[in-house]
Amino acid sequence: MGEFMALGRIDWAVAGVAPKPSDQLLEIGCGHGVAVTKVCERLVDGGIVAIDRSATMVAAAMRRNAAHLAAGRAIVQVADLRSLDLDHRRFDKVFAIRVGVFTRGDPTREFAALVRLLKPEGRLFLFHDEPSTGAEEVGARIEAAVLRHRWNVEARSTHVFDGGEVACVIARPPS
């Protein structure tokens with residue numbers, strides 16, 4: 001996948017999450033930290049915690065976002081969502097871009113962790129694309145996983161780029 005496609009997908013995702021200046025956000029699977037940079041550019045007194053299971057990706061994200069880390073707007077750490085412990089910190093918005101557990105496998109423990117991490121009025125944004133599968137099908141799989149775990153689907157959308165399609169499902173925690 002080319003850099004243009006990756007940036008287009010990330011730009012669309014950050015625009016969809018629409019971070020407000022005071023939002024507290026969590027990114028699952030931050031990779032190189034491109035979304036962290038784009039989110040931090042919109043924050044004033046808000047903050048973002050970005051996690052990834054790969055120490056290599058976290059190191060890259062920390063290098064890319066050194067100024068945001070130093071300013072206290074961002075925290076980047078090696079962590080698995082299932083066991084993430086942030087001392088009862090709660091988030092306005094949680095997002096994941098291309099984190100496969102939500103489209104295949106069993107995300108039961110991930111959804112349980114998200115209930116704990118997201119504020120009751122918070123939103124979860126799941127973005128995913130697969131080169132060999134259309135965004136409508138990917139979006140339907142994400143929506144089915146969300147509903148299976150008793151979350152409330154607020155919206156489902158897709159976006160087409162030159163080289164592919166991305167799906168997004170926005171959900172609220174179970175009431």
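What follows is a chat between a visitor and a guide about a predicted model.

Visitor: Let's start with the sheet. What makes S3 and S6 the edges of the sheet?

Guide: The strand order is S3-S2-S1-S4-S5-S7-S6, an open sheet of 7 strands with mixed pairing. Strand S3 (74-78) and strand S6 (152-161) each have a single partner strand, so one side of each has no neighbour in the sheet. On average, neighbouring strands are turned by 15 degrees against each other, direction ignored.

Visitor: How do you know that S4 and S5 count as paired?

Guide: Two strands pair if there are at least two bridges between them. S4 and S5 have 6 bridges, in the parallel sense, so they count as paired under that cut-off. One of the contributors is Val-94, whose bridge partner in S5 is Leu-124.

Visitor: And which helices lie against the strands?

Guide: Among them is helix H3 (residues 55-64), which packs on the sheet and touches S2 and S3, its direction making about 160 degrees with that of S3. Another is H5, which lies across S1, S4 and S5 and runs at about 140 degrees to S5.

Visitor: On to the interior. Which residues have the most contacts inside the largest nonpolar core?

Guide: Phe-111 and Leu-114, in a core of 29 residues. Strand S1 (24-28), strand S2 (47-52), strand S4 (91-97), helix H5 (108-117), strand S5 (118-128), helix H6 (135-148) and strand S7 (164-172) each give two or more residues to this core. H6 gives the most, with 5 residues.

Visitor: What does Phe-111 touch, leaving aside its neighbours within four places in sequence?

Guide: Phe-111 is in contact with Phe-102, Leu-124, Leu-126, Ala-145, Val-146, His-149 and Trp-151. There is also a second, separate core of 27 residues, which includes Ile-10, Cys-40, Ala-61 and Phe-95.

Visitor: Why is Phe-111 called buried?

Guide: Buried means under 20% relative accessible area. Phe-111 is at 2%, so it counts as buried. Phe-102, at 3%, counts as buried too.

Visitor: Why is the pair of Phe-102 and Phe-111 called edge-to-face?

Guide: Two numbers settle that. Ring centres must lie within 6.5 Å for a pair, and planes over 60 degrees apart count as edge-to-face. Phe-102 and Phe-111 are 5.5 Å apart centre to centre, with 75 degrees between the planes, so both conditions are met. Ring pairs also link Phe-102, Phe-111 and Trp-151 into a cluster.

Visitor: How many aromatic pairs does a search of the whole structure find?

Guide: The search finds 3. One of them joins Trp-12 and Phe-127, with ring centres 5.6 Å apart and planes at 80 degrees, so this pair is edge-to-face. Trp-12 lies in helix H1 (residues 3-17) and Phe-127 in strand S5, so the pair ties together parts that are 115 residues apart in sequence.

Visitor: How do you know whether Trp-12 is buried or exposed?

Guide: The cut-off for buried is under 20%. Trp-12 has 18% relative accessibility, so it counts as buried. Its ring partner Phe-127 has 3%, so that residue is buried as well.

Visitor: Now the cysteines. How many disulfides are there, and how do you know?

Guide: There are 0 disulfides. A disulfide needs cysteine sulfur atoms within 2.5 Å. For Cys-30, the closest cysteine sulfur is in Cys-40, at 11 Å, which is too far for a bond. For Cys-168, the closest is in Cys-30, at 19 Å, so that is too far as well.

Visitor: Are those cysteines buried or exposed?

Guide: Cys-30 has a relative accessible area of 6%, so it is buried. Cys-168 counts as buried at 4%.

Visitor: One last topic, the backbone. What makes Arg-98 and Arg-150 worth a look?

Guide: Phi of Arg-98 is near 60 degrees, a positive value in a residue other than glycine. Arg-150 also has a positive phi, about 65 degrees, although it is not a glycine. Arg-98 is in the loop between S4 and H5, while Arg-150 is in the loop between H6 and S6.

Visitor: Why is Arg-98 called partly exposed, and what is Arg-150 called?

Guide: Exposed means over 50%, buried under 20%, and partly exposed is in between. Arg-98 has 32%, so it is partly exposed. Arg-150 has 65%, so it is exposed.

Notes
Residues numbered from 1 in each chain as written. Predicted model: local features only at pLDDT ≥ 70, side-chain atom pairs only at ≥ 80, totals over all residues. Heavy atoms only, no water. Core = buried A, V, L, I, M, F, W, Y, C linked by side-chain atoms within 4.5 Å. Buried < 20%, exposed > 50% of the residue type's maximum accessible area, 1.4 Å probe, protein only. Helix = DSSP H or I, 4+ residues; strand = E, 2+ residues; numbered from the N terminus. Contact = heavy atoms within 4.5 Å. Axes fitted to C-alpha atoms, helices over the stretch in contact; angles between N-to-C directions. Phe/Tyr/Trp six-rings, centres within 6.5 Å; stacked < 30°, edge-to-face > 60°.
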